[in-house]
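This report describes one protein chain for a reader who has not met it before. Please look over the sequence and the model first.

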Amino acid sequence: MNSMSKSRKPNELANRFAGLNDPSMGDERERDVVLRAYTFGSVVAIYVFFALGLLFAVIGAGLWTVPIVLGSGVIGFAVSSYCKREGLDFASATARVAPKRLVLSQIIGAVFVILWLVAIVFHQTAGHPLIDVGLGTMIAGSSSTSLITGAAVGALIALALMLVARQRKIKQARIEAARADEIEDVD
């Protein structure tokens, strides 16, 4: 068994799990439409996870919303690892995202995260959720207020640093792609 077949094996399982080899995929055009639909569904699912995390934080679920928000990242990890096993540099591929779309998605994501953190910090500092529906507990004189506030500030700083690192990686990938295009033009 060569290394290529070993590296393909995880994606064969992923392909079966996702139904990529299923007769329902149809011909090439139908398969393309189905895959685009799956992509759209994944993007919608990410925003639904964010919205649910925000909603539950606002009504008092507080830190219990962390798994909901972090769960939205599973899609990104799955896509990245799939591409890696196929030999595709996902960072370079995403570097070709249209700048307007990239900025819009980053702004939407940042707004969700900031509002989510504000709802959690408010609940911890004020002792009650923004909208009390009886889900959360009243927190009287919480000793964890400074911890929660510090974690929220740390999360915002980490978000900013990740954004800067991502922008640098995108810029580097675009430069490498331009160099590769120049080499192809010369050949």
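The text below goes from the overall fold to the cores, the surface and single residues.

This is a predicted model, in which local features need pLDDT of at least 70, side-chain atom pairs count only at pLDDT 80 or more, and totals for chains, interfaces and linings use all residues. Residues are numbered from 1 along each chain as its sequence is written, and side-chain values use heavy atoms, with hydrogens and water left out.

The chain has seven helices and zero strands, where helices (H or I, at least four residues) and strands (E, at least two) are DSSP runs numbered from the N terminus. Of its 187 residues, 22% are buried; buried means under 20% relative accessible area, exposed over 50%, and partly exposed in between, with a 1.4 Å probe and protein chains only. Among contacts (heavy atoms within 4.5 Å) with a separation of 6 or more, 64% join residues 24 or more positions apart.

Helix α4 covers residues 73–85 and spans 19 Å from its first C-alpha to its last, close to the expected 18 Å. That expectation is 1.5 Å times one less than the number of residues. After α4 comes G87, with a positive phi near 80°.

A nonpolar core is a set of buried Ala, Val, Leu, Ile, Met, Phe, Trp, Tyr and Cys residues joined through side-chain atoms within 4.5 Å. The largest one has 13 residues, of which A57, W116, L117 and I120 touch the most other members. Helices α2 (28–58), α6 (99–126) and α7 (145–186) each supply at least two residues of this core, and α6 gives the largest share, six residues. A second, separate core of five residues includes V97, L102, I170 and A173.

On the surface, F40, V44, V48, L52 and L55 form a nonpolar patch of about 430 Å². Areas come from the Shrake-Rupley method with a 1.4 Å probe, and for residues only the protein chains shown count as cover. Patch residues have over 30% relative accessible area and no salt bridge (a side-chain nitrogen of Lys or Arg within 4 Å of a carboxyl oxygen of Asp or Glu); nonpolar side chains (Val, Leu, Ile, Met, Phe, Trp, Tyr) are joined within 5 Å, like charges within 9 Å.

Two partly exposed residues are listed here.

| Residue | Helix | Relative accessible area |
|---|---|---|
| L55 | α2 | 44% |
| R174 | α7 | 35% |

Leaving aside neighbours within four places in sequence, R174 is in contact with A95, V97 and P99. The C-alpha atoms of R174 and T94 are 9.7 Å apart, although 80 residues separate them along the chain.
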